[in-house]
Amino acid sequence: MKNLFPIVESLKLYSIEWFKNDLFAGLVVGVMLIPQGMAYAMIAGLPPIYGLYTAIIPTIVYALIGSSRHVSVGPVAMDSLILVAGASAFAVEGSGEYILIVVSLTLLIGAIQLGMGILKLGFIANFLSKPVILGFTFAAAVIISIKQFKYLLGMPLNGVSGLLDEFLFYLSHIDQVHFPTLWISLGSLFILIIGKKLTSKIPLSLLVVLLGMGISYFLKLDNLGVSLVGYLPSGLPEFSLPKLSGLPWREFLPLAITLALMGFVEIYSIGQRLQSKHKTEYDINPNQELVSLGIANVIGSLFRTFPATASFSRSAVNESSGAKTTLASVIAALIVILALLFLMPVFQFLPHAVLGAIIFVAVLGLIDFKLAKNLWKTDRYDFVMLLSSFLGTLVLGIEWGIGFGILISLMVLIYKTSAPHMAVLGRVAGTNFFRNLDRFEVAIDDPEVSILRFDARLFFANVSSLKSKVETLIKEKPTMKKFILDAQSMIDIDSSGIDGIEDIVNHLNECGIEFHMVSIIGPVRDKLYRTGLIDQIGKESIHDCIEDAISDQSDRQKLVFQTNVK
């Protein structure tokens with residue numbers, strides 16, 4: 001029970017003080033969920049009511065079986081954008097058929113996540129590098145922002161497709177801006193942006209929603225041409241089975257896999273980030289997160305929700321508001337339930353421009369220029385991956401962008417493994433320490449000895465780099481009489497690496513140069529024995545350290561050269 005329902009463990013120590021904390025956090029997150037849920041449903045191409053449905057069922061299910069006590073599950077902007085980019089290819093946004101497809105996709109996504117969790121495939125998250133995710137997120141924020149212009153400016157798009165065409169349309173038709181809508185948008189943006197700088201205690205998104213509905217009702221903005229949300233059905237979502245027959249499931253699969261992986265990466269990374277502040281209280285289990293998110297989406301699809309995952313903004317607010325357990329998420333869902341039961345007639349007066357402003361401000365907060373600048377300074381490879389993922393998403397589209405980013409990250413990984421770091425070492429004067437000649441001016445190069453440290457696993461992809469480096473050293477130092485390979489950082493060696501070492505030994509022998517190998521770890525020693533390469537190298541040429549190799553003191557003399565030494 002404890003493994004399946006982590007909430008049981010947290011409730012063992014539950015107290016009235018914890019309940020007060022959970023109640024406050026739940027109320028704060030609940031009032032955020034209502035406008036965000038409606039806004040993110042718009043991004044997904046769905047009526048706003050479906051965002052509220054998604055803010056209830058998955059939230060409660062995850063609260064019961066999720067391993068994070070602070071993650072807030074529900075509708076999320078980026079996943080909504082991926083969803084509409086893929087699902088709109090099968091039906092018109094907002095249509096009944098489109099809703100059926102989205103609900104069926106949610107079932108498929110949940111099933112994939114559940115299956116991955118059961119098979120313990122949570123480690124897959126490690127293969128999605130942070131720069132790729134960041135680049136994709138930045139591009140998604142730009143795309144979502146541009147797509148809000150039609151609500152912020154009151155300018156309907158007529159037959160315009162493509163992000164660049166959409167942006168150029170707004171620039172070329174700026175004279176068609178609907179000014180009553182624009183004033184609503186500017187007022188909402190002003191409150192959201194300036195208010196955030198003045199205070200963090202007021203739920204600004206709820207404030208602009210209330211002001212927008214009040215102004216709309218009293219000034220009758222619909223008579224001025226301002227687009228309103230309109231009628232929203234009251235009551236809880238009804239149970240209904242998703243459509244299983246007659247759908248192109250094979251064509252759904254790429255989109256479903258993308259959303260399943262993105263949802264997992266988001267919930268796991270956010271959960272880890274928040275758990276790091278509460279290390280002694282609970283642990284995050286990646287496979288449990290997959291199972292809980294999968295079940296949340298599967299059950300949610302039975303109540304007409306769209307794919308849910310963790311929201312960073314709501315999760316951060318939940319944690320900073322003092323939430324102690326996932327009961328805070330249950331309370332947040334109850335707030336949305338109360339709104340569905342009693343407040344829906346009021347929300348019909350809500351201008352679309354207000355929701356557009358909420359989305360616009362929320363997604364722009366996802367773009368972190370400082371982080372990109374730091375990557376440029378600290379790791380150019382990571383910056384290239386971020387930039388490639390960003391541009392790839394903008395040019396190729398949201399559904400292909402992350403795949404392009406992953407392809408670039410794999411190419412960088414292959415490049416790094418095929419060209420590993422190698423350091424030519426020299427003795428620090430008057431000591432038995434040896435340091436990189438390129439980094440330490442005090443290190444002295446011996447004209448008769450070359451010492452090379454290989455800082456990687458030696459395998460088929462990089463063995464040619466080692467051989468090339470040795471040949472270069474031979475050419476650069478014609479007086480060389482002894483070559484020492486420092487293997488302290490060589491964690492493994494495959495058959496190609498064994499052949500490569502053999503080729504190096506033969507080449508050095510032809511040149512009249514001694515080969516020595518030092519600081520070999522156990523698993524590499526074992527392979528040298530099993531392949532017989534040790535006999536060709538000569539046990540007298542294997543040493544504990546570089547100083548021994550220079551003075552020709554072998555491991556054999558010190559009885560340390562044994563197989564199966566780990």
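In this predicted model, F218 is an exposed residue, its relative accessible area being 65%. That value puts F218 in the exposed class because the class begins over 50%. F218 belongs to helix α11, which covers residues 204-219. The side chain also takes part in a nonpolar surface patch of about 700 Å², to which I202, L207, L211, I215, Y217 and L219 contribute as well.

Turning from the surface to the aromatic rings, the model contains 15 aromatic pairs. A pair of this kind is described by two quantities, the distance of the ring centres and the angle of the planes. One of the pairs joins F149 and Y170, with 5.5 Å from centre to centre and 75 degrees between the planes, an edge-to-face arrangement. F149 sits in helix α8 (residues 149-152) and Y170 in helix α9 (residues 163-172), so this contact of rings ties together parts that are 21 residues apart in sequence. Both F149 and Y170 are buried. A handy example of the other geometry is offered by F483 and F515: the ring centres are 6.1 Å apart and the planes meet at 25 degrees, so the pair is stacked, the limit for stacking being under 30 degrees. Here, too, distant parts of the chain are linked, as F483 lies in strand β7 (residues 482-486) and F515 in strand β8 (residues 514-518), 32 residues apart. F483 has a relative accessibility of 1% and therefore counts as buried. F515 is likewise buried, with a relative accessible area of 5%.

The rings of F149 and Y170 reappear in a wider arrangement, since ring pairs link F149, F169, Y170 and F360 into a cluster. Aromatic rings also meet charge in this model: R380 lies over the face of W376, at a distance of 3.7 Å from the ring centre.

A last site worth a look is K416. This lysine is placed in helix α20, which spans residues 398-418. With 35% relative accessibility, K416 counts as partly exposed, because the value falls between the limits of 20% for buried and 50% for exposed. Once its neighbours within four places in sequence are set aside, K416 is in contact with D379 and Y381. A further spatial relation involves A461, which is 45 residues from K416 along the chain; the C-alpha atoms of these two residues are separated by 9.8 Å.

Definitions and conventions. Residues numbered from 1 in each chain as written. Predicted model: local features only at pLDDT ≥ 70, side-chain atom pairs only at ≥ 80, totals over all residues. Heavy atoms only, no water. Phe/Tyr/Trp six-rings, centres within 6.5 Å; stacked < 30°, edge-to-face > 60°. Helix = DSSP H or I, 4+ residues; strand = E, 2+ residues; numbered from the N terminus. Buried < 20%, exposed > 50% of the residue type's maximum accessible area, 1.4 Å probe, protein only. Lys NZ or Arg CZ within 6 Å of the ring centre and 35° of its normal. Patch = residues over 30% accessible without salt bridge, like charges linked within 9 Å, V, L, I, M, F, W, Y side chains within 5 Å. Areas by Shrake-Rupley, 256 points an atom, 1.4 Å probe, with all protein chains shown as cover. Salt bridge = Lys/Arg side-chain N within 4 Å of Asp/Glu carboxyl O. Contact = heavy atoms within 4.5 Å.
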